[in-house]
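Student: I'm new to this structure and would like a close look at one part of it. Could you pick a spot and walk me through what surrounds it?

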Amino acid sequence: MKDLIQSKVKGNLVVISGPSGAGKGSIIQGILKGIPNLWLSISMTSRAIRGKEQNGKEYYFITREEFEKKIQENELLEYTEYSGNYYGTPRGKINEHLQLGQDVILEIEIEGALRIKELIPDAIFIFIMPPNMRELKTRLENRKTDSEEKILQRFKRAYQEINEVTKYNYVVVNDVLELAIEKVKAILLAERCRVDRIEEMYVGSLEEVLHESLVDNKSIVNQEREI
Ligand code: 5GP
């Protein structure tokens, strides 16, 4: 019998934002391990490598000049300047992965997220929130990779971003990491089941369906007799 859903369902574009220190990275690693058919887009940045980061893993690290060339050549879907550095999403393979039915994850800040909302309004927007501002400050300080001035800059930016949360579809508070991962997984799985994401469905006429199920039943009965 024919499958009810005929054409491959296209993947969702998922934008995950939240202030630095909210724990987006750990949540994303958790969902990548937890559900299949997810693809994480790697951004480009002109900021310096931090701690144990590797080129091509967390980001493609390039110079400001190289980044400006990418802008001119229209190679970026969106980009922004954040804390004195450029960050941008390469157009690259996003569409290819969506067509394969994979959800594509963009981990970007709010300006970029709003740009994506203009370009692709049916993308899913998730905001990761720290439990409170004091905890956020502690997390930023504990990283020990940024200067005091950068920490303050990031903290101020976080404050602004948190006030924009209503522009997103979902908000997840990252108090207990495992719980936050479960919540984001639940959002992605539920979004995959939305009826308006189905491109083509085949039910057939009632006679056809009844006839086919009758034939199927007979062949099962016959198989059982043969055994
Ligand atoms: P970090 O320096 O902490 O890795 O990132 C700083 C901010 O830049 C984070 O809020 C992160 O989500 C954002 N970001 C990372 N990649 C992109 C990108 O491609 N586009 C935009 N708009 N923001 C990005």
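Tutor: Sure, let's start from Arg139. Leaving aside residues up to four places away in sequence, Arg139 touches Gly21, Ala22, Gly23, Pro131 and Asn174. Keep in mind that this is a predicted model. One of those contacts can be pinned down further: a polar atom in the side chain of Arg139 sits 3.2 Å from the backbone oxygen of Ala22.

Now zoom out a little. Arg139 is part of helix α5, which covers residues 133–142. Its partner here is helix α6, residues 148–162: the two axes come within 10 Å of each other and cross at roughly 145 degrees. That crossing is right-handed.

Who meets whom? On the α5 side you'll find Met133, Leu136, Lys137, Leu140 and Glu141, and on the α6 side Ile151, Arg154, Phe155, Ala158, Tyr159 and Ile162. Sorted by class, this contact between α5 and α6 has 8 nonpolar residues, 3 charged ones and no polar ones.

Pick out Arg154 from that list, since it takes us to the ligand. A polar atom of the Arg154 side chain lies 2.8 Å from a ligand oxygen. Tyr59 has a side-chain N or O atom 2.6 Å from an oxygen of the ligand, and for Arg50 the corresponding distance is 3.4 Å. With the protein around it, 97% of the ligand's 520 Å² of accessible area is covered. In total 16 residues surround the ligand, and the closest are Ser43, Tyr59, Tyr87, Glu107 and Glu109.

So follow the trail like this: begin at Arg139 in α5, step across to Arg154 in α6, and finish at the ligand oxygen 2.8 Å from the Arg154 side chain.

How values were computed:
Residues numbered from 1 in each chain as written. Predicted model: local features only at pLDDT ≥ 70, side-chain atom pairs only at ≥ 80, totals over all residues. Heavy atoms only, no water. Axes fitted to C-alpha atoms, helices over the stretch in contact; angles between N-to-C directions. Helix = DSSP H or I, 4+ residues; strand = E, 2+ residues; numbered from the N terminus. Left-handed = near helix turned anticlockwise from the far one by under 90°. Contact = heavy atoms within 4.5 Å. Nonpolar A, V, L, I, M, F, W, Y, C, P; charged D, E, K, R; others polar. Polar contact = N/O pair within 3.5 Å; in protein donor to acceptor, adjacent residues only side chain to side chain. Near = heavy atom within 4 Å. Areas by Shrake-Rupley, 256 points an atom, 1.4 Å probe, with all protein chains shown as cover.
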